[in-house]
Amino acid sequence: MVEIILALFLCSILVVIGVLIQRKGSVSFIAGYKEGRVRNEKKLANRIGLTVILFAVECFLLILIHLLLFPLNGLYIGILAVVHLFVVFALFVQAVMV
């Protein structure tokens with residue numbers, strides 16, 4: 001039970017970060033970002049914030065599956081994190097190219 005509460009707390013921090021990214025509407029935290037290259041920074045921030053929120057929800061679901069149904073290898077969460085990093089990179093590239 002303590003593990004579920006800890007997982008919920010940590011994943012909720014990620015959700016808060018995602019919401020802050022969406023609300024701020026700025027992506028200046030991305031390395032290599034140059035102002036003026038992205039035409040719609042608000043839309044990009046909204047998509048990146050949503051990606052962070054989805055990552056938090058997916059991590060929480062994987063932790064619940066691990067604790068309640070059957071044990072999972074930590075590799076699954078690592079793969080999930082890498083996939084989400086590629087999604088953020090693809091969103092950034094798409095925003096620059098448009």
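This is a short dialogue on reading a predicted model of one protein chain.

Biologist: What should I know before I start?

Modeller: This is a predicted model, where local features need pLDDT of at least 70, side-chain atom pairs count only at pLDDT 80 or more, and totals for chains, interfaces and linings use all residues. Residues are numbered from 1 along each chain as its sequence is written, and side-chain values use heavy atoms, with hydrogens and water left out.

Biologist: How many helices and strands does the chain have?

Modeller: Helices (H or I, at least four residues) and strands (E, at least two) are DSSP runs, numbered from the N terminus. This chain has three helices and zero strands. Its pattern along the sequence is α-α-α. The C-alpha atoms fill a box of roughly 50 × 25 × 15 Å, taken along the principal axes.

Biologist: How do I read contacts?

Modeller: Contact means heavy atoms within 4.5 Å. Take the contacts in the chain with a separation of 6 or more: residues 24 or more positions apart account for 65% of them.

Biologist: What percentage of the residues count as buried?

Modeller: Buried means under 20% relative accessible area, exposed over 50%, and partly exposed in between (1.4 Å probe, protein chains only). Of the 98 residues here, 29% count as buried. Histidine 84 is a case to look at. It lies in helix α3. Is histidine 84 buried or exposed? It counts as buried, because its relative accessibility is 12%. Leaving out residues up to four places away in sequence, histidine 84 touches Thr51, Leu54, Phe55 and Glu58.

Biologist: Which residues make the largest nonpolar core?

Modeller: A nonpolar core is a set of buried Ala, Val, Leu, Ile, Met, Phe, Trp, Tyr and Cys residues joined through side-chain atoms within 4.5 Å. The largest one here has 11 residues: Ile21, Val27, Val38, Leu44, Ala45, Ile48, Val52, Leu91, Phe92, Ala95 and Val96. Helices α2 (41-69) and α3 (75-97) each supply at least two residues of this core. Apart from it lies another core, of seven residues, among them Ala7, Cys11, Phe55 and Cys59.

Biologist: Pick one residue from the largest core. What does isoleucine 21 touch?

Modeller: Not counting residues up to four places away in sequence, isoleucine 21 touches Ser26, Phe29, Ala45, Ile48, Gly49 and Val52.

Biologist: Now the cysteines. How many disulfides are there?

Modeller: A disulfide is a pair of cysteine sulfur atoms within 2.5 Å. This structure holds zero.

Biologist: Why is cysteine 11 not bonded to cysteine 59?

Modeller: The sulfur of cysteine 59 is the closest cysteine sulfur to that of cysteine 11, but at 5.6 Å it is too far for a bond. Cysteine 11 is buried, at 7% relative accessibility. Cysteine 59 is buried too, with a relative accessible area of 7%.

Biologist: Where do I look on helix α3 for a partly exposed residue?

Modeller: Try isoleucine 77, found in helix α3. Isoleucine 77 is partly exposed because its relative accessible area is 30%. Among residues beyond four places away in sequence, isoleucine 77 touches Cys59, Leu62 and Ile63. Isoleucine 77 and phenylalanine 60 are 17 residues apart in sequence and 9.8 Å apart in space, C-alpha to C-alpha.

Biologist: And on helix α1?

Modeller: Isoleucine 17 is in helix α1 (residues 2-24). Isoleucine 17 is partly exposed, with a relative accessible area of 39%.
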